[in-house]
Amino acid sequence: MENFSFRIQDVFRLLIPGNILLVVIILIYGYDKLLIHLINFKDFENIILLVFIMVSVLTGYIIDMTSSLCEKVIYSVMKKPSYHFLNETKFVKFFSSPYKSKDVFLKEVQSVFKYKLKKNKNFDNKEESTKFFNHCNRLKEQHKDQKKYEKLNSYFYSKILSRNITIMLVFALLLGSINNFSWSYFMIGILLILLSMYRWLKLSFNYTRQVFIICENIN
């Protein structure tokens with residue numbers, strides 16, 4: 001089951017973003033020439049498909065590395081979702097769906113979990129809030145509700161995909177602008193990047209929220 005999950009994660013992390021960006025590059029830099037070459041090598045369709053998949057994975061790997069670095073930069077500026085939940089900041093209401101059964105967020109969360117907090121534990125400190133979330137992230141493995149766990153995994157894979165799609169769009173915008181700059185193309189690209197980034201952050205916040213919700217039900 002773990003190996004199966006890992007393969008799904010690879011598809012979301014690498015193959016889909018890499019495949020899309022590779023197709024965009026082909027469309028921008030020479031679809032007609034590529035089509036002529038494919039006709040000449042029509043007897044090697046399986047090899048061409050294999051090469052395309054390999055290049056897609058390599059491209060996706062570059063996207064994934066870049067998006068991971070960008071995520072660290074973003075969170076160093078605005079801090080991680082766990083910090084915002086534990087301190088009820090404005091980012092929670094902006095990026096996260098509200099609780100259906102609660103009007104408050106997780107400021108009293110330390111009284112819910114089996115986590116022994118010291119009196120001087122301060123969630124205003126981003127390192128402490130990160131440690132607490134990491135503890136909850138490990139604790140969630142004890143949860144037996146399959147539906148909630150599947151929902152959590154859905155948020156996780158969607159978050160990874162949205163993160164990498166955002167960076168893929170940045171690459172596509174840069175490549176398209178270099179090849180043939182157009183203000184309309186540029187503005188559409190910026191809009192798509194902003195929408196994708198919003199979805200990425202929203203899914204990140206909802207993933208964090210779902211981890212906390214699952215842990216609340218562990219006694």
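**Notebook: salt bridges, rings and confidence**

I started with charged pairs, and the structure holds three salt bridges. I'm working from a predicted model here, so I keep the confidence values for a later entry.

**Entry 1: the charged network**

Which residues are linked in a network of salt bridges? I get Arg13, Asp64, Glu71 and Arg163.

I went through the pairs in turn. The side chains of arginine 13 and aspartate 64 meet at 2.8 Å, N to O. This pair links distant parts of the chain, with arginine 13 in helix 1 (residues 2-29) and aspartate 64 in helix 3 (residues 45-78), 51 residues apart. Aspartate 64 also forms a salt bridge with arginine 163, again listed at 2.8 Å, N to O. Here helix 3 is linked to helix 7 (residues 146-179), and the two residues are 99 residues apart. Then I looked at arginine 163 with glutamate 71, which meet in a salt bridge at 3.1 Å, N to O. Arginine 163 lies in helix 7 and glutamate 71 in helix 3, so this pair ties together parts that are 92 residues apart in sequence.

Are these side chains buried or exposed? Arginine 13 and aspartate 64 are both buried, and so are arginine 163 and glutamate 71.

**Entry 2: aromatic pairs**

Next I looked up rings, and I find eight aromatic pairs in the structure. I noted phenylalanine 94 with phenylalanine 95, an edge-to-face pair at 4.8 Å centre to centre with 80° between the planes. Phenylalanine 94 counts as exposed because its relative accessibility is 53%, and the cut-off for exposed is over 50%. Phenylalanine 95 comes out at 6% and therefore counts as buried, the limit being under 20%.

Why is the pair of tryptophan 183 and phenylalanine 186 edge-to-face? Their centres are 5.8 Å apart and their planes stand at 85°, and planes over 60 degrees apart count as edge-to-face. The two residues are three residues apart in helix 8 (residues 183-216), so about one helical turn separates them. Tryptophan 183 is exposed, with a relative accessible area of 60%, while phenylalanine 186 counts as partly exposed at 25%.

I also followed the ring pairs outward: they link Phe91, Phe94, Phe95, Tyr198 and Phe205 into a cluster.

One charge-over-ring case went into the notes as well. Lysine 159 lies over the face of tyrosine 207, at 5.0 Å from the ring centre.

**Entry 3: cysteines**

How many disulfides does a search of the whole structure find? Zero. I looked up two cysteines anyway. Cysteine 70 counts as partly exposed, at 28% relative accessibility, whereas cysteine 136 counts as buried, at 0%.

**Entry 4: how far to trust it**

I checked pLDDT last. The chain has a mean of 76, with 73% of its residues at 70 or more. Where in the chain is confidence lowest, and where is it highest? The lowest is helix 2 (residues 31-40), with a mean of 60, and the highest is helix 8, with 88. For my ring notes, tryptophan 183 and phenylalanine 186 are both in that helix 8.

Two stretches got a flag from me. Residues 1-6 stay under 50 in pLDDT, and the model gives them one contact beyond four places in sequence. Residues 100-120 also stay under 50, but the model has 33 contacts beyond four places in sequence for that stretch.

Methods
Residues numbered from 1 in each chain as written. Heavy atoms only, no water. Phe/Tyr/Trp six-rings, centres within 6.5 Å; stacked < 30°, edge-to-face > 60°. Buried < 20%, exposed > 50% of the residue type's maximum accessible area, 1.4 Å probe, protein only. Helix = DSSP H or I, 4+ residues; strand = E, 2+ residues; numbered from the N terminus. Lys NZ or Arg CZ within 6 Å of the ring centre and 35° of its normal. pLDDT = per-residue confidence, 0-100. Contact = heavy atoms within 4.5 Å. Disulfide = S-S within 2.5 Å. Salt bridge = Lys/Arg side-chain N within 4 Å of Asp/Glu carboxyl O.
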